[in-house]
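Hello,

Here is the structure I promised to pass on to you. Have a look at it first, and then read on for my notes.

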Amino acid sequence: MPSPAPAAATGPTGTAAPPPRAMTIAGSDSGGGAGIQADLKTFNALRVFGTSAITALTAQNTEGVRDVHLVPPEMVAAQIDAVLDDIGTDAAKTGMLGTTAIVEAVAERVRFWRQRLGPFPLVVDPVMIAKSGAPLLDEPARAAIREHLLPLATVVTPNRHEAEELTGLEIRSLADARRAAAALHALGPAWVVVKGGHVEEGSAEAVDVVFDGHEWHELRAPRIATRSTHGTGCTFSAAITAYLARGYPVLAALQAAKAYITDAIRHAPAIGRGHGPTSSFYPWEPGGAESEPEGEPPGGGRSVPDRGGTARAVGGERP
């Protein structure tokens with residue numbers, strides 16, 4: 001007699017405890033060093049289940065971007081809906097968005113799903129220019145990010161050039177970065193990180209300026225001389241997203257992500273003829289740290305690995 005058919009599944013099908021979940025809404029990098037590919041590698045490396053909504057297909061490698069095909073905004077929205085309706089998320093990030101229509105579609109779906117799921121953290125990496133110099137965001141879309149996306153951001157992570165584009169301010173020093181961070185905070189994000197990789201480039205440290213509207217902080221790490229910096233912004237923002245998904249307070253997530261990206265650059269593999277990728281999986285490579293220390297950082301969440309990045313509060317009034 002044949003066995004009865006199994007009952008239809010009505011809930012989660014796995015047996016293990018569900019991991020934290022993080023979603024990336026960004027472009028695909030065929031070379032694997034940036035974009036969706038870098039984000040998902042980072043999520044996996046930090047023990048977070050990653051999902052994605054692809055906004056653009058790019059033909060690129062370590063030497064540059066050869067072609068870009070933008071995904072229709074309706075399809076971007078459909079990907080977001082399909083994932084969040086079933087899997088949900090504990091945090092999300094945006095990367096390359098490309099056009100005003102995509103920016104507006106993403107902002108609208110974030111607002112919708114926050115109403116349905118609760119106010120999950122959103123990290124906005126305002127990708128505008130590829131490492132090779134190729135433009136990835138048109139001017140109207142930059143205005144749309146300021147108007148529609150920054151007010152939704154838990155954290156925004158521009159580099160020097162992106163912060164200049166978003167604020168109209170010239171940034172040559174840490175004092176300039178502070179002024180830009182204050183101007184960006186006025187546009188609505190809860191936290192602003194103006195990354196220091198291209199600020200005071202002759203200095204021994206890469207210093208990120210952090211502002212939450214009340215206090216200033218700096219994320220400091222040794223500046224590493226290397227060409228393997230493709231996708232560093234994507235990897236850093238993805239690490240922030242992963243740590244937020246795991247329950248870290250924002251400042252602890254920023255500190256942990258700074259340590260992670262610093263070691264990812266330090267352990268970068270020799271790949272390609274141009275700007276090579278970082279190493280997302282360095283903790284599991286020979287000689288890497290295979291686990292994080294136990295304990296709780298202030299405010300809850302997991303402990304923060306201290307492997308090259310530090311955060312400290314700094315004084316001073318809002319510029």
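Which residues line the second largest cavity? Please keep in mind throughout that this is a predicted model. The lining is made up of Met23, Ile25, Ile80, Leu84, Thr89, Ala92, Arg109, Val110, Phe120 and Leu122. A search of the whole structure turns up two cavities of 30 Å³ or more, and the second largest of them holds about 50 Å³ of space. If you want to find this cavity on your screen, look for strand E1, helix H2 (73-86) and helix H3 (100-117), each of which supplies at least two residues of the lining.

Strand E1

E1 is a good place to go next. This strand covers residues 21-29, and eight of its nine residues are buried, so the rest of the structure largely encloses it. Two parallel partners belong to it. With strand E2 (residues 49-61), E1 pairs in the parallel sense over nine bridges. With strand E4 (residues 91-94), E1 again pairs in the parallel sense, over four bridges.

Threonine 24 is a handy residue to click on here. Its bridge partner in E2 is serine 52, and its bridge partner in E4 is lysine 93.

What kind of unit do E1, helix H1 (residues 35-45) and E2 make together? They make a β-α-β unit, and it is right-handed. The loop between H1 and E2 contains arginine 47, a residue other than glycine that nevertheless has a positive phi, near 65 degrees. Is arginine 47 buried, partly exposed or exposed? Its relative accessibility is 38%, so it counts as partly exposed.

Glycine 64 and its distant partner

Glycine 64 belongs to strand E3 (residues 64-70). Because its relative accessibility is 13%, and the cut-off for buried is under 20%, glycine 64 counts as buried. In sequence, glycine 64 and histidine 275 are 211 residues apart, yet in space their C-alpha atoms are 8.6 Å apart.

Strand E7 and its neighbours

Strand E7 spans residues 191-194, with Trp191 and Val193 pointing one way and Val192 and Val194 the other way. Are these four side chains buried or exposed? All of them are buried, whichever way they point.

E7 pairs with strand E6 (residues 155-156) in the parallel sense, over two bridges, and valine 156 is the residue that stands opposite valine 192. The pairing of E7 with strand E8 (residues 205-211) is antiparallel and runs over three bridges. There, valine 193 has valine 210 of E8 as its bridge partner.

Aromatic rings and the charges over them

How many aromatic pairs does a search of the whole structure find? It finds three. One of them is formed by phenylalanine 211 and tryptophan 216, which are stacked, at 4.0 Å centre to centre and with 15 degrees between the planes. Phenylalanine 211 has a relative accessible area of 1%, so it is buried. Tryptophan 216 is buried too, at 2%. Another pair joins tyrosine 243 and tyrosine 248: this one is tilted, at 4.7 Å centre to centre and with 50 degrees between the planes. Both of these tyrosines are buried.

Tryptophan 216 has a further contact for you to look at. The charged end of arginine 178 sits over its ring, 4.9 Å from the ring centre. In a similar arrangement, the charged end of arginine 114 sits over the ring of phenylalanine 120, 5.6 Å from its centre. You have met Phe120 already, as one of the residues lining the second largest cavity.

One last residue

Alanine 181 is part of helix H6 (residues 174-185). Its relative accessible area is 0%, so alanine 181 is buried. How far apart are the C-alpha atoms of alanine 181 and alanine 163? They are separated by 7.9 Å, while the two residues lie 18 apart along the chain.

That is my tour. I hope it helps you find your way around, and do write back with any questions.

Best wishes

Key. Residues are numbered from 1 along each chain as its sequence is written. This is a predicted model: local features need pLDDT of at least 70, side-chain atom pairs count only at pLDDT 80 or more; totals for chains, interfaces and linings use all residues. Side-chain values use heavy atoms; hydrogens and water are left out. Buried means under 20% relative accessible area, exposed over 50%, partly exposed in between (1.4 Å probe, protein chains only). Two strands pair if DSSP finds at least two bridges between them. A crossover is right-handed if, with the strands pointing away from the viewer, the path from the first strand over the helix to the second runs clockwise. Rings of Phe, Tyr and Trp (its six-membered ring) pair if their centres lie within 6.5 Å; planes under 30 degrees apart count as stacked, over 60 as edge-to-face and the rest as tilted. A charge sits over a ring if NZ of Lys or CZ of Arg is within 6 Å of the ring centre and within 35 degrees of the ring normal. On a 1 Å grid over the protein atoms alone, a cavity is a set of points where a 1.4 Å probe fits but cannot get out, and a pocket is an open set with protein on both sides within 12 Å along at least five of seven lines; lining residues have an atom within 4 Å of a point. Grid points are joined across faces, edges and corners, and a volume is the space filled by probe spheres set on the points.
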